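Here are some notes to read alongside the structure, set out as numbered points. Please keep the 3D view open and find each residue as it is named.

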Amino acid sequence: MKVKFIPQNIELEIKPNQSILDLAHTNGIHIQSVCKGVPSCAECRVNLADGEHNVFPPTKKELNLIGTAYYVDRRRLSCQLKCFGDVTVDLTHQIEKENASIAKRPRGKAQKEGESSAVMGNIILEEGKLKDVQKGQIKQIDLDLNRAERELLAEETRLALEKIKRRQKVDDVKEEDGEEG
Ligand code: FES
């Protein structure tokens with residue numbers, strides 16, 4: 001009892017009572033499945049390209065999930081699909097879904113590198129800003145030091161002048177005393 005998967009053209013032997021989904025997954029063939037065969041997700045639908053007469057018809061459970069869509073596209077839940085003869089399963093729709101989800105996925109490695117370079121760019125930018133800030137701070141410190149130096153110099157000059165004035169006063173008093181004496 002054989003199952004052929006197209007468009008991959010992979011032919012596999014299926015065990016009695018084994019589902020098409022299980023056969024595919026056991027052999028590394030991708031079929032989307034969220035519920036792992038509960039069935040509740042309806043993601044595992046496939047087309048039967050050949051051998052419809054070799055499969056069991058959909059159960060009430062399967063029909064409840066896929067609803068009237070089954071009568072439109074004839075797709076079956078591969079997790080519920082079991083055969084008793086050779087069939088050909090068309091996975092074109094599954095491949096298209098997979099490709100679409102890959103395209104939508106968050107950025108891969110190459111794009112991460114791009115992201116990281118953007119991050120690097122930001123870091124460089126931040127470093128630049130930091131340097132600017134540091135430069136500004138250094139400038140401010142220089143200005144503060146200059147002001148402090150000037151103030152100190154002015155204070156020293158003021159004190160020196162006071163000292164000179166005081167000495168001058170003492171000398172004047174001495175002179176006055178000398179004249180009187
Ligand atoms: S795997 Fe979810 S319905 Fe078939």
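1. Before anything else, please keep in mind that this is a predicted model. The mean pLDDT of the chain is 84, and 85% of its residues reach 70 or more. The stretch to treat with care is residues 111-123, where pLDDT stays under 50 and for which the model has 2 contacts beyond four places in sequence. Where pLDDT is low, the predicted coordinates should not be read in detail.

2. For an overview, the chain holds 5 helices and 5 strands, and from the N terminus on these elements follow one another as β-β-α-β-α-α-β-β-α-α. Of the 181 residues of the chain, 15% count as buried. If you look at the contacts with a separation of 6 or more, residues 24 or more positions apart account for 65% of them.

3. In what order do the strands lie in the sheet? The 5 strands form an open sheet in the order β2-β1-β5-β3-β4, and the pairing is mixed. Because β2 (10-13) and β4 (76-77) each have a single partner strand, they stand at the edges, and one side of each is left without a neighbour in the sheet.

4. The pairings can be followed strand by strand, remembering that strands of a sheet pair through backbone hydrogen bonds, either parallel or antiparallel. Strand β1 (residues 2-6) pairs with β5 in the parallel sense over 4 bridges, and within this pairing Phe5 stands opposite Val89 in β5. By contrast, β3 and β5 run antiparallel and are joined by 3 bridges, with Asn47 standing opposite Asp90 in β5. Strand β3 (residues 45-50) is also joined to β4 by 2 bridges, and these two strands run antiparallel; here the bridge partner of Arg45 in β4 is Leu77.

5. Strand β5 (residues 87-90) deserves a second look for its side chains. In a regular strand the side chains alternate between the two faces of the sheet. Along β5, Val87 and Val89 point to one face and are buried, while Thr88 and Asp90 point to the other and are not buried.

6. Which residues have the most contacts inside the largest nonpolar core? This core has 19 residues, and those with the most contacts inside it are Val3, Ile20, Leu21, Ala24, Ile31 and Val89. At least two residues of this core are supplied by each of β1, α1 (20-26), β3 and β5, and the largest share, 4 residues, comes from α1. To see one core residue in its surroundings, take Ile20: leaving out residues up to four places away in sequence, Ile20 touches Val3, Val46, Ser78, Leu81 and Val89.

7. Helix α4 (residues 92-104) allows a simple check of geometry. At 1.5 Å a residue, its 13 residues should span 18 Å, and the end C-alpha atoms of α4 are 18 Å apart, which agrees. This helix is hardly covered, since the count of buried residues among its 13 residues is 1.

8. Phe84 is worth finding in the loop between β4 and β5. Is Phe84 buried or partly exposed? With 14 other C-beta atoms within 10 Å, Phe84 is partly exposed. Although Phe84 and Lys2 are 82 residues apart along the chain, their C-alpha atoms are separated by 9.4 Å.

9. Some backbone details should be checked individually, given that most residues other than glycine have a negative phi, and most peptide bonds are trans. The peptide bond from Ile6 to Pro7 is cis, with omega near 10 degrees, and Pro7 lies in the loop between β1 and β2. The peptide bond from Val38 to Pro39 is likewise cis, with omega near 0 degrees, and Pro39 lies in the loop between α1 and β3.

10. Positive phi values also call for attention. Lys36, in the loop between α1 and β3, has a phi near 55 degrees, a positive value in a residue other than glycine; with 13 C-beta neighbours inside 10 Å, Lys36 counts as partly exposed. Arg74, in the loop between α3 (69-73) and β4, has a phi near 60 degrees, again positive in a residue other than glycine. Arg74 has 12 C-beta neighbours inside 10 Å and therefore counts as exposed.

Notes
Residues numbered from 1 in each chain as written. Predicted model: local features only at pLDDT ≥ 70, side-chain atom pairs only at ≥ 80, totals over all residues. Pairing = 2+ DSSP bridges. Buried ≥ 20, exposed ≤ 12 C-beta atoms within 10 Å, placed from the backbone. Core = buried A, V, L, I, M, F, W, Y, C linked by C-beta atoms within 7 Å. Contact = placed C-beta atoms within 7 Å. Expected span 1.5 Å × (residues − 1). pLDDT = per-residue confidence, 0-100.
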